[in-house]
Amino acid sequence: MDEVVVVPQNHVDAEEDGEDGEEDAPEAAGTGAKKKKKKKPKKKAAKTEQQSEPPRVGLSKIFPDGNYPEGELEDYRDDNAWRTTSEEMRYNERMIMQDPEQTYNNIRKAAEVHRQVRQYARKVIKPGMSMIDIADTIENGTRALVEENGLESGVGFPTGLSRNHCAAHYSPNGGDTQILQQGDVMKVDFGVHVKGRILDSAFTLTFDHTYDKLLEAVRAATNTGVREAGIDARLGEIAGAIQETMESYEVEINGKLIPVKAIENLSGHSINPYQIHGGKSVCLVKNNDQTKMEEGEYFAIETFGSTGRGRVVESGEVSHYAKMVDAPRIPLRLTTAKSLLKSINKNFGTLPFCRRYLDRVGESKYLLALNHLVAQGIVQDYPPLCDAPGSMTAQFEHTLLLRPTRKEVLSRGDDY
Ligand code: HZT
Ligand code: MN
Ligand code: MN
């Protein structure tokens, strides 16, 4: 268990103890866009507090004016280039920023939480740690920084810690004893939400260099997807561009060259308030989907590369669940299922949850009831998704927003 950390009151600003070779100040700016030089100590930003280690300082303390950093901005191209300077589009955005339900500050706060939590996660996650300790590290950081408050703000979905041939949707259940290994390729996929705006972003961790090329392929493929996304962009064409980037890479394993494959049955997705899958899917292989991205939509652009078949199947014990957004409202005869559903409604609504989250809100011996809710079509289960045993899979994922004036890559950081 983590201890509560006292916030340092008289912190030394990194700019003041200007020793060369020092780490940068911890306030991770969203992008490289406004990177500040630290040569000349200029007027300091009036920051009252800085982040602690482990991260436990709520972001409203670090950004007291309530304005969170913008993500990486990208102008639209070609037929949409006019949008960036359009007076009408800029007016639309001012209106959106004034509406507390619509303002980009919600998702930007979630994005800043993600950057700060993952910066710490990248530093402390090491082989030998248990999967439960890793999940707790990420989730305790998220809950503190986002200032968790019922359904108003908190964890966006279960922390995915899928390893090796498993690509997605493994999170440890209570009692899991698995330990992270030196040779593992682990996808760290976690979510943060503020007023239902879900920030969904993922990266891949390795502890030696064997799979560097695999990670490079997937990082590049995700960046291709981010670049090709835009208002009126067709989902099938984005997929083709992702596949082309991914499959231009190969990785050498034991002296053998293995082509990197885009996993054909995984996809990115649009995101609606309190709904992780908003209805549109961005596949990773070329297809004829003519569906277009539209103004105002949020998208999780995620790609997965594999040294195996490039196809996943459901495998292993389920951890992830979510109440269906259009769940049938049927009378439940099983009283344990009825009571569990009440607890799900109260604690998660339609946000995805996992068995550990049921444990922590005081539920126990709920498996029969939970399976009943799944069988009734009220709750959906999301089993782990794995390629062939012995293969390796990697993932990178960003959340972006198609603003009227330009694209904003919310989750971009200095790491990916
Ligand atoms: C489902 C359950 C969760 C959405 C993608 C994803 C993690 O594979 C349409 C396209 C969290 C997320 C999701 F608990 N899934 N992103 N990050 N998993 S998905 C999907 O089910 S549905 C992709
Ligand atoms: Mn994700
Ligand atoms: Mn996603």
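This note goes through a predicted model of one protein, point by point.

1. **Overall make-up.** Start with the broad picture. The protein has nine helices and 18 strands. Of its 416 residues, 52% are buried. Now look at contacts between residues at least 6 apart in sequence. Of these, 75% join residues at least 24 apart.

2. **The largest nonpolar core.** This core holds 84 residues. Ile-134, Ile-138, Leu-161, Met-186 and Met-293 have the most contacts inside it. Helix α5, residues 212–228, gives the largest share of this core, with seven residues. There is also a second, separate core of 20 residues. Val-155, Ala-337, Leu-340 and Tyr-357 are among its members.

3. **Ile-138 and its contacts.** Take one residue from the largest core. Set aside the neighbours of Ile-138 within four places in sequence. The residues then in contact with Ile-138 are Val-117, Ala-121, Ile-125, Thr-159, Leu-161, Val-188 and Phe-190. Leu-161 also appears among the residues with the most contacts inside the core.

4. **The second largest pocket.** Its volume is about 800 Å³. The lining counts 34 residues. His-169, His-269, Ile-276, His-277 and Tyr-382 are the closest to the pocket's centre. Sort the lining by class, and there are 14 nonpolar, 13 polar and seven charged residues.

5. **Where that pocket sits.** Which strands each supply at least two residues of its lining? They are β2 (153–160), β9 (267–271), β11 (298–306), β13 (320–323) and β15 (379–382). The domains tell the rest. Domain 1 covers 72–318 + 390–409, and domain 2 covers 320–382. Both give residues to the lining, so the second largest pocket lies between them.

6. **The cavity.** A search of the whole structure finds one cavity of 30 Å³ or more. The volume of the largest cavity is about 30 Å³. Its lining consists of Arg-219, Thr-222, Asn-223, Phe-396, His-398, Arg-412 and Tyr-416. By class, these are two nonpolar, three polar and two charged residues. Helix α5 and strand β17 (393–402) each supply at least two of the lining residues. The most come from α5, with three. Remember that α5 also gives the largest share of the largest core.

7. **Asn-173.** This residue is in the loop between β3 (166–168) and β4 (186–194). Is Asn-173 buried or exposed? Asn-173 has a relative accessible area of 5%. The cut-off for buried is under 20%. Asn-173 therefore counts as buried. Beyond its neighbours within four places in sequence, Asn-173 is in contact with Ile-132, Glu-317, Val-318, Ser-319, Arg-355 and Arg-356.

8. **Two positive phi angles.** Asp-78 is not a glycine, yet its phi is positive, at about 50°. Asp-78 lies in the loop between β1 (72–75) and α2 (87–98). The relative accessible area of Asp-78 is 69%, so Asp-78 is exposed. Tyr-274 is another residue other than glycine with a positive phi, near 60°. Tyr-274 is in the loop between β9 and β10 (281–283). At 25% relative accessibility, Tyr-274 is partly exposed. Strand β9 has come up before, as one of those that line the second largest pocket.

9. **A cis peptide bond.** Look at the bond from Glu-53 to Pro-54. This peptide bond is cis, and its omega is near -5°. Pro-54 is in the segment before α1 (59–62).

10. **Gln-243.** Helix α6, residues 235–246, contains Gln-243. How far apart in space are Gln-243 and Val-218, C-alpha to C-alpha? They are 9.9 Å apart, and 25 residues apart in sequence. Leave out residues up to four places away in sequence, and Gln-243 touches Ala-262, Leu-284, Val-285 and Lys-286.

Notes. Residues are numbered from 1 along each chain as its sequence is written. Chains are lettered from A and ligands numbered from 1 in the order in which they are written. This is a predicted model: local features need pLDDT of at least 70, side-chain atom pairs count only at pLDDT 80 or more; totals for chains, interfaces and linings use all residues. Side-chain values use heavy atoms; hydrogens and water are left out. A nonpolar core is a set of buried Ala, Val, Leu, Ile, Met, Phe, Trp, Tyr and Cys residues joined through side-chain atoms within 4.5 Å. Buried means under 20% relative accessible area, exposed over 50%, partly exposed in between (1.4 Å probe, protein chains only). Helices (H or I, at least four residues) and strands (E, at least two) are DSSP runs, numbered from the N terminus. Contact means heavy atoms within 4.5 Å. On a 1 Å grid over the protein atoms alone, a cavity is a set of points where a 1.4 Å probe fits but cannot get out, and a pocket is an open set with protein on both sides within 12 Å along at least five of seven lines; lining residues have an atom within 4 Å of a point. Grid points are joined across faces, edges and corners, and a volume is the space filled by probe spheres set on the points. Ala, Val, Leu, Ile, Met, Phe, Trp, Tyr, Cys and Pro count as nonpolar, Asp, Glu, Lys and Arg as charged, and the others, Gly among them, as polar. Domain bounds come from an automatic or database domain assignment.
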